[in-house]
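Colleague: Please take a close look at one part of this model, namely its helix packing and the spaces beside it, and explain each term for a first-year student.

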Amino acid sequence: MKELAITRFTQIYGHAPAVLARAPGRIEFIGNHTDYNGGTVLGAAIDLGVWVAAAPAPAGLLHFATESQRGIVTVPVSAAGKQVGAQRWVNYPLGVWTSFREFGWRQPDGLEYLVCSDLPVGAGLSSSAAIELASALAYLGLTGGNPAREEIVKLGRHAENNFVGVPCGILDQGVSGFGRKNHLVFIDCRGPRFETVPMPAGAHFWVFNTHTKHALIDGLYAARHRECMEAARGLGVALLADLTPAQLEQKRALLPEVNYRRAKHVIEEIDRVARVQVALASGDLASVGRLLTASHRSSQTQFENSTPELDFLVETLSETPHVYGARLTGGGFGGAVMAFTDAEFSASGAAQVADAYAFRFGSRPDVLHCETGDGAARVDF
Ligand code: GLA
């Protein structure tokens with residue numbers, strides 16, 4: 001990927017890039033829709049990600065190219081608003097560029113930019129956060145800025161919330177920023193506070209990408225966000241993380257049925273994250289697996305962010321030897337299922353699951369055996 005980024009940049013702009021940065025995608029291990037509710041979450045950076053190559057350009061023009069589309073999108077600095085149509089992808093690097101000013105950081109005043117990626121888009125592995133962090137690091141390489149990593153992570157989320165317009169939490173940017181090989185990232189989202197936790201030896205991640213994506217995905221995510229905020233207001237707390245499962249049950253009558261179920265998912269999920277931490281610490285991976293699968297069931301029945309395709313994969317994986325547990329990973333409404341397995345689970349076991357899915361739905365999911373990886377960084381070349 002590194003060579004490809006340099007070669008393609010040179011072909012497009014006629015000279016080598018000045019800086020190169022890479023940021024990984026992530027797996028949401030457990031902690032579904034807990035982040036923007038002030039809760040906790042565990043994720044892992046993976047060894048697939050996005051690469052951004054950039055160079056300064058004469059002031060006033062920002063040039064963006066991507067390996068996956070032909071042509072250059074040129075945005076004048078004087079009209080750097082939100083893009084529509086086929087060039088909508090530019091909103092990620094442009095949102096980061098705009099956010100630099102809002103954070104009081106020096107912006108590159110002219111830019112040549114290329115992004116390329118080995119991360120599947122739309123798989124729930126958070127290619128958007130990876131683009132945001134790699135872009136931020138590349139711009140900082142051009143301007144010489146050196147803010148704390150936590151600030152770069154917050155800026156990525158700010159761009160997504162305020163420019164792209166998705167009311168996401170800090171999970172994706174936090175894991176992409178603080179990931180570490182052979183580790184999980186724990187985030188207490190209220191701080192936010194970031195920690196790494198060793199990945200249990202011999203445990204593996206497999207991702208099954210269904211390539212399904214609900215047409216209204218952004219609207220559905222925003223609707224869940226709204227329902228959670230309404231539920232917190234109805235319960236008289238600032239954020240759902242302020243309540244325990246028992247307290248929610250005591251106050252249940254205060255909420256309409258739908259908002260109660262949304263709150264139940266989030267509050268019990270925060271409890272599951274804590275129980276997964278305990279089980280991880282004692283090496284009880286069977287219990288970790290049961291909690292992952294319980295998280296999925298709650299998505300299915302309480303939060304309603306699963307789909308028949310994701311449910312089928314989780315059911316099939318639950319009955320497959322060497323699988324501790326499985327759940328949808330990320331926002332939901334399509335995307336991917338993550339399986340947490342022992343070292344004996346193999347490509348042929350994964351292929352059997354994919355075959356069963358193909359028989360049922362007529363198309364094959366992509367199977368990725370993901371390694372954990374390091375967080376976002378500038379890359380020397
Ligand atoms: C998406 C968002 C995250 C988080 C997850 C669900 O990945 O970007 O902030 O809310 O969904 O847990």
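Modeller: The account below starts with one helix pair, moves to the spaces around it, and ends with another helix pair and two backbone details.

This is a predicted model, in which local features need pLDDT of at least 70 and side-chain atom pairs count only at pLDDT 80 or more, while totals for chains, interfaces and linings use all residues. Residues are numbered from 1 along each chain as its sequence is written, and side-chain values use heavy atoms, with hydrogens and water left out.

Two packed helices are described by the angle between their axes and the distance between the axes. Helices (DSSP runs of H or I, at least four residues) and strands (runs of E, at least two) are numbered from the N terminus. An axis is a line fitted to C-alpha atoms, for helices over the stretch in contact, and angles between N-to-C directions run from 0 to 180 degrees.

The axes of helix α2 (residues 91–102) and helix α3 (residues 127–143) lie 9 Å apart, at an angle of about 50 degrees. The two helices are therefore oblique to each other; angles under 35 degrees count as roughly parallel, over 145 as roughly antiparallel, 65 to 115 as roughly perpendicular and the rest as oblique. The crossing of α2 and α3 is right-handed, a term for the near helix being turned clockwise from the far one by less than a right angle, whereas anticlockwise is left-handed.

Contact here means heavy atoms within 4.5 Å. From α2, the residues Tyr92, Pro93, Leu94, Val96, Trp97 and Phe100 meet Ser128, Ile131, Glu132, Ser135, Ala136, Tyr139 and Leu140 of α3. Ten residues of this contact are nonpolar, two are polar and one is charged. In this scheme Ala, Val, Leu, Ile, Met, Phe, Trp, Tyr, Cys and Pro are nonpolar, Asp, Glu, Lys and Arg are charged, and the others, Gly among them, are polar.

Helix α3 also borders an enclosed space. On a 1 Å grid over the protein atoms alone, a cavity is a set of points where a 1.4 Å probe fits but cannot get out; a pocket is an open set with protein on both sides within 12 Å along at least five of seven lines, and lining residues have an atom within 4 Å of a point. Points are joined across faces, edges and corners, and a volume is the space filled by probe spheres set on them.

There is one cavity of 30 Å³ or more, and the largest cavity holds about 40 Å³. Its lining consists of Leu133, Leu137, Arg149, Ile152, Val153, Gly177 and Ala376. Both α3 and α4 (149–164) supply at least two of these residues, and α4 gives the most, with three. Five of the lining residues are nonpolar, one is polar and one is charged.

The largest pocket contains about 1,400 Å³ of space. Of the 50 residues that line it, Tyr92, Val121, Ser127, Ser128 and Lys213 lie nearest its centre. Its lining comprises 18 nonpolar, 22 polar and ten charged residues. Two of the residues nearest the pocket's centre, Tyr92 and Ser128, also belong to the contact between α2 and α3.

A further helix pair completes the picture. Helix α8 (residues 257–281) packs against helix α9 (residues 285–303) at about 170 degrees, with the axes 9 Å apart. This angle makes α8 roughly antiparallel to α9. The residues of that contact are nine nonpolar, seven polar and six charged.

Two backbone details remain. The peptide bond from Gly191 to Pro192 is cis, with omega near -10 degrees, and Pro192 lies in the loop between β6 (183–188) and β7 (193–198). Asn182, although not a glycine, has a positive phi of about 60 degrees; Asn182 sits in the loop between α5 (171–178) and β6.
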